Amino acid sequence: MERLEKAPPTLRRSATTGSSSNRILASVVLPLLLGLLGLLASPPSKSTYHALFLTLADNATAARHLLALTRRPHVAGTPANAEAASYVLDVLSSASFSARSASYDVLLSYPVTRSLLLSPSPPPFSAPPVAFDLIQEIYPGDPYATSAAESVPTFHAYSRSGSAAGPVVYANYGRLEDFAALGEMGVNVTGAVVLARYGKIFRGDILKNAEEAGASAAVVYTDAKDYRGRERWFPDGPGMPPSGVQVGTTFRGIGDPTTPGWPSAAGCERLSPAEVSASGLVPGIPSLPISARDGEEIQRSVGGQVAPGEWQGGEGAPVYRLGPGPGFLNLTYIGNETLATIQNVFAVIEGKEEPDRYVILGNHRDAWTFGAVDPSSGTAALLEIGSTEWVEENREMLASRAVAYLNADCPVRGSGFHASTTPQLDELLKEVTKKVEDPENFSQTVYDSWTLSPNHSPQASGGATDFAAFIQHAGVSSLDMYFGEGYPVYHSLYDDFVWMRNFGDPFFHRHIAVASIWGLVALRLADDEFLPFDYSSYASELQRSAKIAKDQAVNTPVSFAPLYKSIEKLKRAASTVDNQKKGLESKVGLLKWRKDPLTVRDVNDRLMMAERALTDREGLFQKEWYKHLIYGPSAQDDYGSTMFPGIDDAIWKAKRLNSSEAWHFAQHEVWRVARVIDQASLVLGGKFT
């Protein structure tokens, strides 16, 4: 990576921004860091310039960057997205960074032909079918009406091309338990077109479950109950308009489907289309996303049993029934999967004393439409391609040099602070949020309001997000943070600057709060002599999660004794390294580096590398790309992350099969996790057995 020639003397380790094309907050944070360092003729105490950093952010600047970046829809691989990359590069360069971009050629998915016809009964048809227009409507006075014409038509990226027809079967949220319930109620899904609603699991898993149940195709809609509730719809309120459609990828892997585990460089080895299909990570049936209005019209055509109460819609919705039929859908989707070029933008502030250690800040730039809220709603593979290809290309460098990856996946959606971290960063995040003003109430800190929320501790590192490649593939400690939870216009045409200005963050104070937390965490990781990692927190989180896993395996032959034993070892190793840090900090003042630099470096290496030890080269069973055995995607929901994913999946499968082989495999997964935790303990201890 290129580095700044005039390195700031106050940073010990290098701060790097990049991975998958940074957007607004990176454009705010890094110029702030550089401006801060330029203000200081001689370095004062760390706390002084950390406090000064918190005074430099400007909400008007944040708004200006967002407005510039959301001027046009900018799907990956398009000229509009290349233009957004140039904007970010120019902003970073104008702040005197040594900035650059790197390109990858990746397989992206675009729609060519779409149609959806609804007949009131199966053939022979007694009446002409209803043809859905599949268009998200422009509202009166929309300032982006002209630009909206550039948006890609609504589609499911990587959905199978083809046509299918069949009676409609309603499958609630498309979860495994929903299809199991249909079977118990005597509803035959074979040959049907499944109607499911968004809201609980990843859309790719909805299609996988429908396909395995025998469906010929699927349509997935944004139910007003989940995406509007009692709110008025946009532009009069934050809710999803009746014609709003959630688009997105259906690929259940990470990165470019044709280069699993290696970077998508020009001329590289690639899987064939047949090999990609055979991987099982792309749907085997065609599908389309549709609006709440179209979903309700299809619901009215369905007969049969009345769906259970929890499957019903909200106020004003028709009575939901299960089918099959008599409503009959004819669906066609033809997609174009093609190699296209994407750009990642990077800039580096080089540290003085440990410039070979990197603190990485990053997020997405490309978006499904305008992408005002969700800069990580990347396009199709679209979800992680940029950061994933870069991690795959630089995996060994990251393994030896990356301190942490700090992500802002879709950082401002509404009120209330949330975070996902690897647990050794928990205490650092709490310390930092105690120093940042709450954007909702300036008389208190973010930490004050966070402690009042139901989920007031950092959660487990998530699944389908920017930092999946960093933590789940390379084993780099990671953190993600955001204000608000789900937001109604997710992945739709209405995720634009107007929605953000009116509902997401009217004064852009939440943007500044995220930028402040993001930057201050980066400064602490780059500056502190000893990395502010707390593995006692990690051990405690493992203990809690082990109990949950054990409770799920009650009355089974699986023993969790090896796992509990390994966690106790980690507790002792964490205590040992903490005591060593405290001893070194108390012994010597300003001269400690001159007296024992190798000891300090050794402690930091152990703190950094312990996370890597929690990976396994073989990866998760049938998901080999995911190397981390503590955090990974759930087999039932690629959106979600679960603790001990291998154990969780194995127990779930063993309960279903109830064979001695399945229970033996579940026990094997417990042993695998115990072994990597033992390895992490050895790394923290810093001594051979």
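This report describes aromatic ring pairs and charges placed over rings in one predicted model.

The model is predicted, and local features need pLDDT of at least 70, side-chain atom pairs count only at pLDDT 80 or more, and totals for chains, interfaces and linings use all residues. Residues are numbered from 1 along each chain as its sequence is written, and side-chain values use heavy atoms, with hydrogens and water left out.

A search of the whole structure finds 22 aromatic pairs, where rings of Phe, Tyr and Trp (its six-membered ring) pair if their centres lie within 6.5 Å, and planes under 30 degrees apart count as stacked, over 60 as edge-to-face and the rest as tilted. Two of these pairs are set out below.

| Pair | Centre to centre | Angle between planes | Class |
|---|---|---|---|
| F155 and W368 | 6.0 Å | 65° | edge-to-face |
| Y538 and Y631 | 6.4 Å | 45° | tilted |

F155 lies in the loop between α5 (145–148) and β4 (156–157) and W368 in the loop between β11 (354–362) and β12 (380–383), so this pair ties together parts that are 213 residues apart in sequence; helices (H or I, at least four residues) and strands (E, at least two) are DSSP runs, numbered from the N terminus. Both F155 and W368 are buried, a term for under 20% relative accessible area, with exposed over 50% and partly exposed in between (1.4 Å probe, protein chains only).

Y538 belongs to helix α18 (residues 535–552) and Y631 to strand β18 (residues 631–634), 93 residues apart. Y538 is buried, with a relative accessible area of 1%, and Y631 counts as buried at 1%.

Finally, the charged end of R197 sits over the ring of Y173, 4.4 Å from its centre, the criterion being CZ of Arg or NZ of Lys within 6 Å of the ring centre and within 35 degrees of the ring normal.
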